[in-house]
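Colleague: I should like to learn how aromatic rings and helices are read in a model of this kind. Could we proceed feature by feature?

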Amino acid sequence: MDDDLERQLREALQRESLRVSPRDRLAEIRALTNTTLLRPGRPRWLVPVGAAAAAALIAGVVWGAGVLPGSGPPAPAAPSTTTRAATTPPTSPAPTTSPASSPTRSTPATAVRAVPVYYIGSEVPGGRPALFREFVSTVLPAAATDAELAKKAVALALTHTDPDGLGGLTPWGATTVTRVVVTPALITVTLKGTGLAGLGEPVARLAVRQLMWTAQAAVGRGNIPVRFASAAPTSAELFGLFPWDRRYTRPPGDRQYEDLAAIWVEQPSADAVLPVGTPVVVSGSACVFEGTLLFRVEGPTGGVRTITASSGCPTRGAWSVTLRDLAAGDYVVTVSAASPKDGSTVAERSRRFTVQ
């Protein structure tokens, strides 16, 4: 009896499904599943059968409608080759923004950078030549490589003179830099020219080391050896004294005084114009006996004091002085060191700036 009833119900459901016409009957389906199929007293096996019929009805509604209400008219029938793609939801196009509401930011092609430049000057008038350092502002590619930084710095070092007007040497003459190659183990600087002849070994040696210090500082990776190469076939050595294939490195920290001047004034920059009412920081480094320095200010506001660097020779120490309440006007700051033997000045450095 039960088997016969089940068969009759299945046949009735099949006949009914064939007469389904596509229309929106979602509300009827919900009412049917909430009341008729789950009415108390009905056999449990009617639930899956009714659910199957409801699923068939929903499928007929969705397939027959083609588009959701409010989404516009149905799209034209697509070729069979694209029918499969229609089974996945279409990807919405990326939103576009008008140039007025979101302007495109372009990366600048060049930028102003400060590069370290070493130059040859005298520690005192007529005294020992030694290396000084200055940071020079120059135009470089915005994403300059280490090699580009080093090439620009070396090019500036070849012609740089003392910014404080205290004299200096330009031993390279018409020599130019044509290329710099940087690897983790070597910096190769290619030069066109060999430097001026007849300078003598001490100055020529210092000139070669000037470019070595400059290239290393611009790359900023420590004491990488520097090698010089000739841009043109030539048998001439640098300054007629130093072979091209030699590699140069900095001396140890306790011997760097052999290359570097005893006193550097690094800030403010030469001929800087500074705002009145703002403290002026004068700073640098030194390698002098017991780190003791004499600091003198000349201008509308002046004075003399003794200061001490963070280290005494043979190592190099930093020093700094903050000047407050300077009146407007032109100033000269002079930093000097005296001989422990007779008190004579063994090293001196001045810096000019303006407060306005």
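Modeller: Let us begin with a charge placed over a ring. In this predicted model, R316 lies over the face of W264, 4.4 Å from the ring centre. A further case is R349, which sits over the face of F132 at 4.0 Å from the ring centre.

Colleague: How many aromatic pairs does the structure hold, and how is such a pair described?

Modeller: In general, a pair of aromatic rings is described by the distance between the centres and the angle between the planes. The structure holds 7 aromatic pairs. One of them joins Y118 and W213: the centres are 5.6 Å apart and the planes make an angle of 35°, so the pair is classed as tilted, since edge-to-face requires over 60 degrees and stacked under 30. This pair links distant parts of the chain, with Y118 in strand 1 and W213 in helix 6, 95 residues apart.

Colleague: Which geometry does the pair of Y118 and W264 show?

Modeller: Y118 and W264 form an edge-to-face pair, with 6.0 Å from centre to centre and 70° between the planes. Because Y118 belongs to strand 1 and W264 to strand 7 (residues 263-267), the pair ties together parts that are 146 residues apart in sequence. Y118, W213 and W264 form one aromatic cluster.

Colleague: Are the members of that cluster buried or exposed?

Modeller: Y118 and W213 are buried, and W264 is buried as well.

Colleague: W213 brings us to helix 6. What span should helix 6 have, and how much of helix 6 is buried?

Modeller: A span can be checked against the rise per residue. At 1.5 Å a residue, the 19 residues of helix 6 should span 27 Å, and the end C-alpha atoms are 27 Å apart, which agrees. Helix 6 is mostly covered, with 15 of its 19 residues buried. After helix 6 comes G220, whose phi is positive, near 70°.

Colleague: Where do the buried residues of helix 5 lie as seen down its axis?

Modeller: Helix 5 (residues 146-159) has 14 residues and reaches 21 Å from its first C-alpha to its last, close to the 20 Å expected. Its buried residues are L149, A150, A153, V154, A157 and L158. Seen down the axis of helix 5, these buried residues fall within an arc of 165°, so they line one face of the helix.

Colleague: What covers the buried residues of helix 5?

Modeller: The cover includes strand 1 (110-122), strand 2 (129-141), strand 3 (176-182), strand 4 (187-192) and helix 6 (201-219).

Terms used:
Residues numbered from 1 in each chain as written. Predicted model: local features only at pLDDT ≥ 70, side-chain atom pairs only at ≥ 80, totals over all residues. Heavy atoms only, no water. Helix = DSSP H or I, 4+ residues; strand = E, 2+ residues; numbered from the N terminus. Expected span 1.5 Å × (residues − 1). Buried < 20%, exposed > 50% of the residue type's maximum accessible area, 1.4 Å probe, protein only. Arc of directions from axis to C-beta. Contact = heavy atoms within 4.5 Å. Phe/Tyr/Trp six-rings, centres within 6.5 Å; stacked < 30°, edge-to-face > 60°. Lys NZ or Arg CZ within 6 Å of the ring centre and 35° of its normal.
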